[in-house]
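Reader: I am new to this structure and would like to understand how its descriptive terms are earned. Could you take me through them with care?

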Amino acid sequence: MGLPSGSRRRTPGLRREELARLADVGVSWYTWLEQGRDIHVSEPLLERLVVALRLTPTERLLLFELAHGRPAPRAVRSPDSVSGALQRLLDAHPFPALVSTRRWDIIAWNAAATVLYSDLALPCGRCS
């Protein structure tokens, strides 16, 4: 989970300090959040709390509703690969073509792109 193993506990679960560390915020700030103080909570911070707490999609929606008083934005998930149909379309295209995620990670390409850019499956140190 990203925390050092410690001594045995009387009760299971995360301590406030551990959750603050996992969410990359200060313990005092996280305590203020728990207490409902008038602080401004960003969406990226709430997303870090979702990951740290391993919340379900329904629990994520509730967290955003409690923190912002409005529904959570749709979770952005970047695919790791493309469908077979899209890959066949790329392969049939005669000109260089790439598919990238919102973060510009290239996840698919065709043979013409390999000729132009080299083999994109190789680590950069081995590109020609």
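Author: Just after helix α3, R54 takes a positive phi of about 55°, and R54 is found in the loop between α3 and α4. Helices here are DSSP runs of H or I with at least four residues, strands are runs of E with at least two, and both are numbered from the N terminus. This is a predicted model, in which local features need pLDDT of at least 70 and side-chain atom pairs count only at pLDDT 80 or more, while totals for chains, interfaces and linings use all residues. Residues are numbered from 1 along each chain as its sequence is written, and side-chain values use heavy atoms, with hydrogens and water left out.

Reader: Why is R54 called exposed?

Author: Buried means under 20% relative accessible area, exposed means over 50%, and partly exposed is in between, with a 1.4 Å probe and protein chains only. R54 has a relative accessible area of 59% and is therefore exposed. D24, in the loop between α1 and α2, also has a positive phi, near 60°, in a residue other than glycine, and at 60% relative accessibility D24 counts as exposed.

Reader: What makes I106 and Y117 partly exposed?

Author: I106, in strand β2 (residues 106-109), has a relative accessible area of 39% and so counts as partly exposed. Y117 lies in helix α6 (residues 111-117), and because its relative accessible area is 45%, Y117 is partly exposed as well.

Reader: What makes L98, I106, L116 and Y117 a nonpolar patch?

Author: Patches are made of residues with over 30% relative accessible area and no salt bridge (a side-chain nitrogen of Lys or Arg within 4 Å of a carboxyl oxygen of Asp or Glu). Like charges are joined within 9 Å, and nonpolar side chains (Val, Leu, Ile, Met, Phe, Trp, Tyr) within 5 Å. L98, I106, L116 and Y117 form such a patch on the surface, with about 380 Å² of accessible area together, a value from the Shrake-Rupley method with a 1.4 Å probe, where for residues only the protein chains shown count as cover.

Reader: How do you know that β1 and β2 pair?

Author: Two strands pair if DSSP finds at least two bridges between them. Strand β1 (residues 98-100) is joined to β2 by 3 bridges, so the criterion is met, and the strands run antiparallel. S100 has I106 as its bridge partner in β2, and the hairpin has 5 residues between the strands, with W104 at a positive phi near 70°.

Reader: Which residues of helix α3 are buried, and what covers them?

Author: In α3 (residues 43-53), L45, L46, L49, V50 and A52 are buried, and their cover includes α1 (16-23), α2 (27-35) and α4 (57-68). A contact means heavy atoms within 4.5 Å, and, not counting residues up to four places away in sequence, L46 touches V41, L63, F64, A67 and H68.

Reader: What makes a group of residues a nonpolar core?

Author: A nonpolar core is a set of buried Ala, Val, Leu, Ile, Met, Phe, Trp, Tyr and Cys residues joined through side-chain atoms within 4.5 Å. The largest such core has 13 residues, of which L19, V25, Y30, L46, L49 and F64 touch the most other members. Helix α3 gives the most to this core, with 5 residues. A second, separate core of 6 residues includes V82, L90, A97 and A108.
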